[in-house]
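Trainee: I should like a close look at how helices pack against one another in this structure. Please take me through the contacts in some detail.

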Amino acid sequence: MTPSQTPVRYDISRSDLVALLDGEPRYRVDQVWEGLHQRGLDPAEMTDLPKALRAQLEDLLAPGLALVAESESDAGGTVKSLWALSGGSRVETVLMRYRDRVTVCISSQAGCGMGCVFCATGQAGLTRQLTTGEIVEQVIRARRRAEPRRLGNIVFMGMGEPLANYAAVWAAVERLHDDVGISARRITVSTVGLVPGIRRLAAERLPVNLAVSLHAANDELRDSLVPVNRRYPLAELAAACRDYHEATGRRLSFEWAMIARVNDRPSDAAELASIAKPLHAHVNLIPLNPTPGYATSGTPAAGVRAFQERLAGLGVNATVRDNRGTDIDAACGQLAARSIAPPADAGTGAAADPALPADPAAGRRSADLLLR
Ligand code: SAH
Ligand code: SF4
């Protein structure tokens with residue numbers, strides 16, 4: 001949180017709440033904390049509290065997210081929520097209801113400074129970091145939206161690079177595990193490959209799943225698609241992945257957006273297998289979703305299947321990600337670049353720097369700044 005930001009509802013810690021409820025009977029702390037985290041209630045809905053206290057808490061614990069718009073696709077199975085944050089920046093959350101599970105895809109930053117060329121969020125640049133409370137609240141809201149189904153899985157695959165907002169993201173993971181009651185095994189952090197962040201994650205007490213967005217398995221190609229590769233090349237990234245797997249025992253996965261004639265050739269499959277196989281990593285193939293700033297097309301479905309089979313022949317398990325929400329721009333990498341920055345009259349919050357994504361060094365610079 002920047003000093004100018006007022007803490008929002010889920011930014012407060014339990015000891016902040018103790019201080020806030022000074023003078024109230026002690027059991028109120030548990031009542032309110034559980035109401036917020038386990039039941040996902042607004043203070044106004046906490047009918048076991050005196051009315052005056054409810055009103056007071058509504059004022060003191062303002063929500064961090066204001067719903068701007070919601071769109072549904074896949075017959076209501078996919079719900080994209082667009083939220084306004086304080087200062088006017090916007091982020092999105094995508095709720096995906098499958099037959100056997102419900103997963104929410106959450107954002108960790110408004111925009112992203114990593115500059116991956118094919119990603120709508122990256123094309124917009126970084127506007128601002130999310131606070132812990134803003135991250136946790138996305139899950140709380142999604143859990144209620146999913147009812148009567150039970151929200152089971154959380155993936156940090158919405159807007160932003162989670163390991164470039166490490167402290168807030170990790171505090172959110174701990175809160176989700178300790179207070180909201182979601183097992184670390186059901187939380188996946190997806191990263192573009194910030195090696196120091198992966199190493200830090202490996203030393204944490206909770207073993208979350210790690211997904212690494214690889215997209216290319218030779219440095220020359222990866223440098224051109226994912227600029228941060230120049231800072232953390234493949235050999236270092238693979239070593240960090242191996243250490244993560246050994247330290248946590250969690251399954252590793254690699255994400256691979258399938259781009260026609262760029263990374264879908266037999267040689268790409270062979271290079272990918274040479275990294276994934278020794279790590280026993282699972283590969284998720286994502287048909288490339290169209291974005292305004294990248295003209296190359298995605299690999300056609302038959303090509304994706306052929307790539308998958310080639311990987312299988314090389315001893316690597318790969319799944320083709322179903323393209324949920326493409327029609328509402330809710331699919332991977334499509335999260336609305338247009339709506340990230342605050343409106344011009346919103347005052348606070350820096351506007352996205354349109355020069356960032358075009359500059360191949362942008363990712364490195366941002367990573368340098370944010371990982372210090
Ligand atoms: N910053 C993190 C997490 C958010 S991106 C990361 O990069 O891992 C979530 C996933 O969507 C990543 O695997 C990302 O590479 C992928 N992605 C980005 N743009 C895409 C696009 N246009 N089509 C398909 N997948 C895309
Ligand atoms: Fe950022 Fe991930 Fe998009 Fe790359 S793919 S620009 S790291 S959100």
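Mentor: What follows describes two helix pairs in turn and then turns to the surroundings of a ligand. The model is predicted.

Helix H7 covers residues 195-202 and helix H9 covers residues 234-248; their axes lie 9 Å apart, at an angle of about 10°. An angle under 35 degrees counts as roughly parallel, and H7 and H9 are therefore roughly parallel to each other. On the H7 side the contact is made by Val195, Ile198, Arg199, Leu201 and Ala202. These residues meet Glu236, Leu237, Ala240, Cys241, Asp243, Tyr244, Ala247 and Thr248 of H9. Sorted by class, the contact between H7 and H9 comprises 9 nonpolar, 1 polar and 3 charged residues.

The second pair consists of helix H10, residues 266-276, and helix H11, residues 301-313. Their axes come within 9 Å and cross at roughly 45°, and H10 and H11 are therefore oblique to each other. The crossing of H10 and H11 is right-handed. From H10, Pro266, Ala269, Leu272 and Ala273 take part, meeting Phe307, Arg310 and Leu311 of H11. The contact of H10 with H11 has 6 nonpolar residues and 1 charged residue, with no polar ones.

Finally, the ligand. The shell around ligand 2 includes Cys112, Met114, Gly115, Cys116, Cys119, Thr121 and Gly122. Gly160, Glu161, Val192, Ser213 and Gly333 also belong to the surroundings of ligand 2. By class, the shell of ligand 2 holds 5 nonpolar, 6 polar and 1 charged residues.

Terms used: Residues numbered from 1 in each chain as written. Chains lettered and ligands numbered in written order. Predicted model: local features only at pLDDT ≥ 70, side-chain atom pairs only at ≥ 80, totals over all residues. Near = placed C-beta within 6 Å. Nonpolar A, V, L, I, M, F, W, Y, C, P; charged D, E, K, R; others polar. Axes fitted to C-alpha atoms, helices over the stretch in contact; angles between N-to-C directions. Helix = DSSP H or I, 4+ residues; strand = E, 2+ residues; numbered from the N terminus. Parallel < 35°, antiparallel > 145°, perpendicular 65-115°, else oblique. Contact = placed C-beta atoms within 7 Å. Left-handed = near helix turned anticlockwise from the far one by under 90°.
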